[in-house]
Amino acid sequence: MEVSLTDVGDVTVTTVVGSIDGLTAGGLQDTLEARIHAGRNQLVVDFAAVDYTSSAGLRTLLAVMKETRRAGGDFRLAAVRPDVHRVLELSGFTSILKLFAGTDEAVASFQAGSGR
Amino acid sequence: MTTRHGKKVALVLGSGSVKCAAALGLQNVLQREGIGIDLVVGCSAGSIYAAMIAAGHDPASTADTARRLWTRELTSQRDHLAMLRALLGRLLGSGGTFGMRKDGLILDRLRVAFGDLAIEETRIPLFITATDLANGEQVILSSGRVVDAIRASISIPYIFKPFKHGGRLLIDGFMSDPLPINVAMEEGADVIIAIGFESDHQKRFNTLGAYSAQLTAIMANNLLKARFAFHNLTHHSEVILIVPEFEQRVRLFDTEKIDYVIEVGARAAEKQLPYLRRLLELEAAEVGG
């Protein structure tokens with residue numbers, strides 16, 4: 001899994017390439033929590049190149065989501081592939097997270113004032 | 001019993017009538033990869049396949065058995081007395097056991113398939129779930145005759161009457177959890193491979209039967225998601241979820257589609273295989289090191 005970060009105004013866009021699973025999720029969690037602790041609590045994760053999410057991966061996403069919200073921000077997903085979307089839906093994530101078609105829309109949603 | 005990779009691996013087969021044959025596609029893939037299973041959990045029709053796998057049958061012979069066992073004839077024998085009781089319960093006394101079809105044929109076929117095999121005699125530890133009609137609680141059957149446990153687990157509401165077992169009236173396992181991952185968690189499984197199925201929604205609700213089926217499907221699907229979400233987030237290791245996507249509609253007794261269902265199950269399993277393989281290889285290395 002590869003992770004890269006880009007700041008767009010107050011929003012940090014994280015691009016993940018590969019699989020978010022029990023073998024990789026720890027690194028992603030460390031990276032994102034470091035950003036939150038640095039005061040960046042508006043996070044968008046670009047899922048366009050995420051091809052797999054396991055239960056351990058989902059637990060990591062949940063932990064990061066809770067951390068951003070505790071810090072007064074939010075955690076949003078963009079460009080989720082159909083297979084991964086299905087897992088998110090069955091696990092209840094689509095009912096607690098905001099999902100967008102692309103990163104531009106996700107970033108704009110924060111700028112539109114709905115960033116909690 | 002722990003397989004060579006050092007982790008306890010469980011297979012959980014959810015409810016889904018003929019769709020449950022997808023588990024055989026999964027079994028084929030696991031066998032080819034040499035991935036052993038330490039315990040099997042089955043619910044509703046999934047309990048039939050779970051019992052076959054636990055008893056040591058190969059996928060081909062299980063598919064043959066399923067073709068003979070699960071046919072439309074099972075529901076062809078109407079239980080007229082039960083129907084009368086459903087309508088005139090106060091006059092005739094229903095005993096709380098509404099079931100519009102006789103269960104003699106399914107019991108006979110289950111006896112042919114499993115004989116007097118006991119759950120505690122299966123090669124791989126087996127757990128079958130049903131639901132207590134009195135209070136809705138999940139009932140985990142881990143001893144006694146396989147035939148009785150399966151019959152209890154497939155007590156499809158309104159079709160087969162509840163089954164008396166161990167002093168309780170048991171109904172279909174899906175009523176308490178269509179994908180009982182919790183049993184594998186409770187039994188100490190690390191990696192849980194779960195194959196689940198959403199119920200199809202009805203296209204029209206113009207009969208009482210279709211309306212009732214739609215209500216049941218809505219409840220079952222929401223229950224599946226709620227329970228899976230909880231188990232997924234609370235398990236200490238991995239739950240590998242396999243949800244076969246069927247392009248063709250597969251109805252309750254479309255037994256002639258078993259080959260297609262197996263193929264879809266195998267395809268869905270192949271998608272999960274790269275991660276499963278990496279996960280177990282890494283764990284083998286940890287055990288070895």
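## Exercises on a predicted two-chain model

The buried residues of α6(B) pack against three helices of chain B: α2 (45–55), α3 (59–69) and α7 (146–153). Keep in mind that this is a predicted model. Let's work outwards from that helix.

**Exercise 1.** Work out which residues of α6(B) are buried and how they are arranged around the helix.

*Solution.*
- Step 1: Find the helix, which covers residues 104–114 of chain B.
- Step 2: Apply the cut-off: a residue is buried if 20 or more other C-beta atoms lie within 10 Å of its own. In α6(B), Ile106(B), Leu110(B), Ala113(B) and Phe114(B) are buried.
- Step 3: Look down the axis of α6(B). The buried residues fall within an arc of 75 degrees, so they line one face of the helix.
- Step 4: Now turn to the face directed away from the buried side, where you will find the exposed residues Gly104(B), Asp108(B) and Val112(B).
- Step 5: Step just past the end of α6(B), where Gly115(B) has a positive phi of about 55 degrees.

**Exercise 2.** Describe how α6(B) packs on α7(B), and name the residues that make the contact.

*Solution.*
- Step 1: Start with the geometry. The axes of the two helices, α6(B) and α7(B), are 9 Å apart, and the packing angle is about 140 degrees.
- Step 2: Classify the angle. Angles over 145 degrees count as roughly antiparallel, and the value here makes α6(B) oblique to α7(B).
- Step 3: Add the handedness: α6(B) and α7(B) cross in a right-handed way.
- Step 4: List the contact residues. From α6(B) come Ile106(B), Leu107(B), Leu110(B), Arg111(B) and Phe114(B). Their partners on α7(B) are Val146(B), Val147(B), Ile150(B) and Arg151(B).

**Exercise 3.** Do the same for α2(B) and α3(B): give the crossing and the residues in contact.

*Solution.*
- Step 1: The two axes, those of α2(B) and α3(B), come within 11 Å and cross at roughly 145 degrees.
- Step 2: The crossing of α2(B) past α3(B) is right-handed.
- Step 3: On the α2(B) side, the contact is made by Ile48(B), Tyr49(B) and Met52(B). On the α3(B) side, Thr62(B), Thr65(B), Ala66(B) and Leu69(B) take part.

**Exercise 4.** Find the residues with the most contacts inside the largest nonpolar core, and follow one of them to its partners.

*Solution.*
- Step 1: Recall the background: in soluble globular proteins, nonpolar side chains tend to be buried together.
- Step 2: The largest nonpolar core here has 115 residues, and Ala21(B), Ile192(B) and Ala194(B) have the most contacts inside it.
- Step 3: Helix α10 (residues 258–288) of chain B supplies the largest share of this core, 10 residues.
- Step 4: Follow Ala194(B), setting aside neighbours within four places in sequence. Ala194(B) is in contact with Val12(B), Gly14(B), Leu179(B), Ile181(B), Val239(B), Ile240(B), Leu241(B) and Ile242(B).

**Exercise 5.** Which elements of chain B give two or more residues to the side that touches chain A?

*Solution.*
- Step 1: Count the residues: 15 of chain B are in contact with 16 of chain A.
- Step 2: The elements giving two or more residues are α9 (208–234), β8 (239–242) and α10 of chain B.
- Step 3: Among these, α9(B) gives the most, with 5 residues.

**Exercise 6.** Is Phe93(A) buried or exposed?

*Solution.*
- Step 1: Locate Phe93(A) in the loop between α3 (82–90) and β5 (98–100) of chain A.
- Step 2: Phe93(A) has 22 other C-beta atoms within 10 Å, so Phe93(A) is buried.
- Step 3: Beyond neighbours within four places in sequence, Phe93(A) is in contact with Leu58(A) and Leu88(A).

Terms used
Residues are numbered from 1 along each chain as its sequence is written. Chains are lettered from A and ligands numbered from 1 in the order in which they are written. This is a predicted model: local features need pLDDT of at least 70, side-chain atom pairs count only at pLDDT 80 or more; totals for chains, interfaces and linings use all residues. A residue is buried if 20 or more other C-beta atoms lie within 10 Å of its own, exposed if 12 or fewer, and partly exposed in between; C-beta atoms are placed from the backbone. Helices (H or I, at least four residues) and strands (E, at least two) are DSSP runs, numbered from the N terminus. The arc is that of the directions from the helix axis to the C-beta atoms. Two residues are in contact if their C-beta atoms, placed from the backbone, lie within 7 Å. A nonpolar core is a set of buried Ala, Val, Leu, Ile, Met, Phe, Trp, Tyr and Cys residues joined through C-beta atoms within 7 Å. Axes are lines fitted to C-alpha atoms, for helices over the stretch in contact, and angles run from 0 to 180 degrees between N-to-C directions. Angles under 35 degrees count as roughly parallel, over 145 as roughly antiparallel, 65 to 115 as roughly perpendicular and the rest as oblique. A crossing is left-handed if the near helix is turned anticlockwise from the far one by less than a right angle, and right-handed if clockwise.
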